[in-house]
Amino acid sequence: MTYEKQLETIKQYSYSKMSSDTTGHNFDHIQRVIKTATRILKSESADPLITLAAAYLHDVADDKLVSNPAKLEAQIKDFLHSIDFTNEQITEVLFITHNMSFSKSLSTPPKLSLAGQIVQDSDRLDAIGAIGIIRAIYYGGAHAETIYDPDIQPRQVMNKAEYRDLSNETIINHFYEKLLKLTAMMNTPTAKKIAEQRHQYMLNFLDEFKGEWDAEK
Ligand code: ADP
Ligand code: NI
C-alpha cells in the first residue's frame with residue numbers, strides 16, 4: 001500500500017473512533033494535532049509516517065475515553081497490520097500513543113522518539129492558548145466542574161489518580177495544575193516558540209477573568 005493510502009486509511013479509522021466524543025477529544029482535535037505535527041515535521045527529521053500515524057491514533061485507546069484500552073490497542077495493532085505496517089512500525093506507533101499523555105508525564109515517563117516528541121508537543125499545543133481555554137471549559141462542563149472558587153487552591157497533582165480525581169476541581173485551577181506548565185515541557189524548538197505566544201494569551205485571560213470576578217475590570 002502506498003504511503004498516501006496508508007495515511008488516508010488511518011485517518012478514516014481515527015475518524016470512526018473519535019467522531020462521537022463529547023469531552024474535547026473529537027476528531028477536530030485530531031485534525032489540529034495533525035496540522036501542528038505537519039508544521040513541526042518541517043524543521044525536524046522524524047519519520048513522517050510514524051509521526052502522523054501516532055498523531056491520528058493517539059487518543060483512540062486513551063483510558064479516560066474508553067473502558068478497555070488494552071482491547072483498543074490490540075485492535076489498532078490488527079488494523080495497522082492490515083495496511084502493511086511492519087511489526088517494528090506498529091511497536092513504534094503504540095509506544096508513542098501509550099506513553100505520551102500528560103498524566104503519564106506525572107510519574108516517570110519513558111523517553112519518546114523524536115516522532116513521539118513531535119506528537120506530544122502537538123497534542124500539548126492543542127491544550128493551551130485560545131483553543132486550550134475553550135477545551136478546558138468544555139471538558140470542565142462535561143465533568144460538572146465548578147468554574148472558579150478563590151477558596152480552593154490549585155492542587156499539586158503527583159500522579160494519574162490524583163489528576164483524574166475531579167471531586168474538588170475547578171476549571172480555573174486546571175490552568176495552574178496543567179496548562180501553564182506545558183510551555184516549559186515542550187520538546188522541540190518549533191513547539192516552544194508557538195507555545196510562548198499561547199502561554200501569554202492564557203495569562204492575559206486569567207488576569208482579565210480575575211479582574212472581572214472581583215469587579216475591578
Ligand atoms: P492527556 O490525554 O494528555 O492526559 P488530558 O486528559 O489531561 O490529556 O487533557 C485533555 C483535554 O482536557 C485538555 O484540553 C485538558 O486541558 C482538558 N482537561 C483535562 N483535565 C481537565 C480538568 N480537570 N479540567 C478542565 N479541563 C481538563
Ligand atoms: Ni489528544
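The paragraphs below lead through the helices of this predicted model, their packing, and the surroundings of its ligand.

Residues are numbered from 1 along each chain as its sequence is written, while chains are lettered from A and ligands numbered from 1 in the order in which they are written. Because the model is predicted, local features need pLDDT of at least 70 and side-chain atom pairs count only at pLDDT 80 or more, whereas totals for chains, interfaces and linings use all residues.

Helices here are DSSP runs of H or I with at least four residues, numbered from the N terminus. Two packed helices are described by the angle between their axes and the distance between the axes; the axes are lines fitted to C-alpha atoms over the stretch in contact, and the angles run from 0 to 180 degrees between N-to-C directions.

Helix 2 (residues 27-41) packs on helix 3 at an angle of about 160°, with the axes 9 Å apart. That angle makes helix 2 roughly antiparallel to helix 3, a label given to angles over 145 degrees. The crossing of the two is right-handed, meaning that the near helix is turned clockwise from the far one by less than a right angle. From helix 2, I30, V33, I34, A37 and L41 meet P48, T51, L52, A55 and Y56 of helix 3, where contact requires C-beta atoms, placed from the backbone, within 7 Å. This contact holds nine nonpolar residues, one polar and no charged; Ala, Val, Leu, Ile, Met, Phe, Trp, Tyr, Cys and Pro count as nonpolar, Asp, Glu, Lys and Arg as charged, and the others, Gly among them, as polar.

Helix 3 (residues 48-57) also packs with helix 5 (residues 87-99), at an angle of about 50° and with axes 9 Å apart. The two are therefore oblique to each other, the term for angles that are neither under 35, nor over 145, nor from 65 to 115 degrees. Their crossing is right-handed, and the contact is made by I50, A53, A54 and L57 of helix 3 with Q89, E92, V93, I96 and T97 of helix 5.

Further along the chain, helix 8 and helix 11 (residues 189-213) pack at about 50°, with axes 8 Å apart, and are therefore oblique to each other. Here G129, A130, G132 and I133 in helix 8 meet R198, Y201, M202 and F205 in helix 11, a contact of five nonpolar, two polar and one charged residues.

Helix 8 (129-142) also belongs to the surroundings of ligand 1, where helix 6 (102-105) and helix 10 (171-177) likewise each supply at least two residues of the shell. Helix 8 gives the most, with five residues. The shell has 19 residues, of which S101, F102, R135, Y139 and H174 come nearest; a residue is near the ligand if its C-beta atom, placed from the backbone, lies within 6 Å of it. By class, the shell divides into seven nonpolar, six polar and six charged residues.

Definitions and conventions. Contact = placed C-beta atoms within 7 Å.
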